[in-house]
Amino acid sequence: SILLPPPGGDAIIQVDRLAVSGTTASGRLAVVSGGFTGRLGVAGGGLTGELLFRPVGTVQRIETHLDAANAQLDSATLRRGHLDAVMLLDPAGASIEATATGAGLRQGRLSLARFAGSARLRGGVGEVRAAIAGSRGRAFDIQSVTQVSPDRYVVMAQGTLDRRPLKLLTPAEIVRDGDGWRLGTTKLSFAGGEGAVSGRFSDTALALEGSRSRVPLTIPGNGF
């Protein structure tokens, strides 16, 4: 609902209940020059926190602080997590700075014992850093740095798989290719061996090619 202001005052938007996938937000936002100012409290579905609104000049700023406890996130579940983020909705290029940590993330066959990450993006360009670890099925502990640009990702990663060292020797370049994505030839080392992998993937198909230049080398799940 919108509360009409007294003469010379700001109009108020009263958000009684904004529901998304079992989580609701509520609060008041004032309509001011440059956008909105105010706070929406977030609760439900295992999430608690707040969204803080204020304009910076003519650009809307939204600051987010969320905690998760046994949260249901669409088709995923998260035992524990925390997110801090600041978004600037600049028409010339929206920006986001965010950090996230968590434990016990599950979605389908994916299971992460713990994760941490950060992102700094402006207009779809920037850097994402991530660290993931798990032990369900095969133990892994991977750290990555991804350079992001429209329709292109360049990834450097290293860590361990089954407690054996794994590293990308050359960056993995992933580019948009029609209705899917193409992975350029990427050199990697694993457990004392070296090789390369390339391929293409989409929502409906996956094709990978691998080769060995030094043995021993095992590409997990493919028997190389």
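1. Start with Gln14, which sits in strand E2, residues 11-20. Keep in mind throughout that this is a predicted model. Gln14 has a relative accessible area of 18%, so it falls in the buried class, for which the cut-off is under 20%. The side chain has polar company: a polar contact of 2.6 Å links it to the side chain of Arg28. A polar atom of the Gln14 side chain also lies 3.5 Å from the backbone oxygen of Gly27. If you look at one side chain in E2, I'd pick Gln14, given its contact with Arg28.

2. Next, Val145. You'll find it in strand E11, which covers residues 140-149. Its relative accessible area is 23%, so Val145 counts as partly exposed. Beyond its neighbours within four places in sequence, Val145 touches Glu127, Val128 and Arg129, and also Val154, Val155 and Met156. There is a distance to note as well: from C-alpha to C-alpha, Val145 and Ala119 are 9.9 Å apart, with a sequence separation of 26 residues.

3. Now the loop after E11. Asp151 belongs to the loop between E11 and strand E12, the latter running over 152-161. Worth a look on the backbone side: Asp151 is not a glycine, yet its phi is positive, near 65°. With a relative accessibility of 45%, Asp151 is classed as partly exposed.

4. On to the pairing of E12, E14 and E15. E12 pairs with strand E14 (residues 172-177) in the antiparallel sense, over four bridges. E14 in turn pairs with E15, again antiparallel and over four bridges. Val175 is a handy residue for following this through: in E14 it stands opposite Arg152, and it also stands opposite Arg182 in E15.

5. The E14 and E15 hairpin deserves its own point. Two residues lie between the strands, and Gly178 in this hairpin has a positive phi near 65°.

6. Then comes the pairing of E15 with E16. These two strands are antiparallel and share eight bridges. For one pair to check on screen, take Ser189, whose bridge partner in E16 is Glu194.

7. What does the turn of the E15 and E16 hairpin look like? Two residues separate the strands, and Ala191 in the turn has a positive phi of about 55°. Ala191 is not a glycine, so I'd flag that phi value. The loop holding Ala191 runs between strand E15 (180-190) and strand E16 (193-201). Ala191 has a relative accessible area of 22%, which makes it partly exposed.

8. Last, the surface. Which residues make the nonpolar surface patch of about 290 Å²? They are Phe201, Leu206 and Leu208. Of these, Leu208 lies in strand E17, residues 206-214. Leu208 has 45% relative accessibility, so it counts as partly exposed.

9. For a quick pass through the model, I'd go in this order. Begin at the 2.6 Å polar contact between Gln14 and Arg28, then move to Val145 and its contacts, including Val128 and Val155. After that, check the positive phi of Asp151 and follow Val175 across to Arg182 in E15. Finish with Ala191 in the turn between E15 and E16 and the patch that includes Leu208.

Methods. Residues numbered from 1 in each chain as written. Predicted model: local features only at pLDDT ≥ 70, side-chain atom pairs only at ≥ 80, totals over all residues. Heavy atoms only, no water. Buried < 20%, exposed > 50% of the residue type's maximum accessible area, 1.4 Å probe, protein only. Polar contact = N/O pair within 3.5 Å; in protein donor to acceptor, adjacent residues only side chain to side chain. Contact = heavy atoms within 4.5 Å. Patch = residues over 30% accessible without salt bridge, like charges linked within 9 Å, V, L, I, M, F, W, Y side chains within 5 Å. Areas by Shrake-Rupley, 256 points an atom, 1.4 Å probe, with all protein chains shown as cover. Salt bridge = Lys/Arg side-chain N within 4 Å of Asp/Glu carboxyl O. Pairing = 2+ DSSP bridges.
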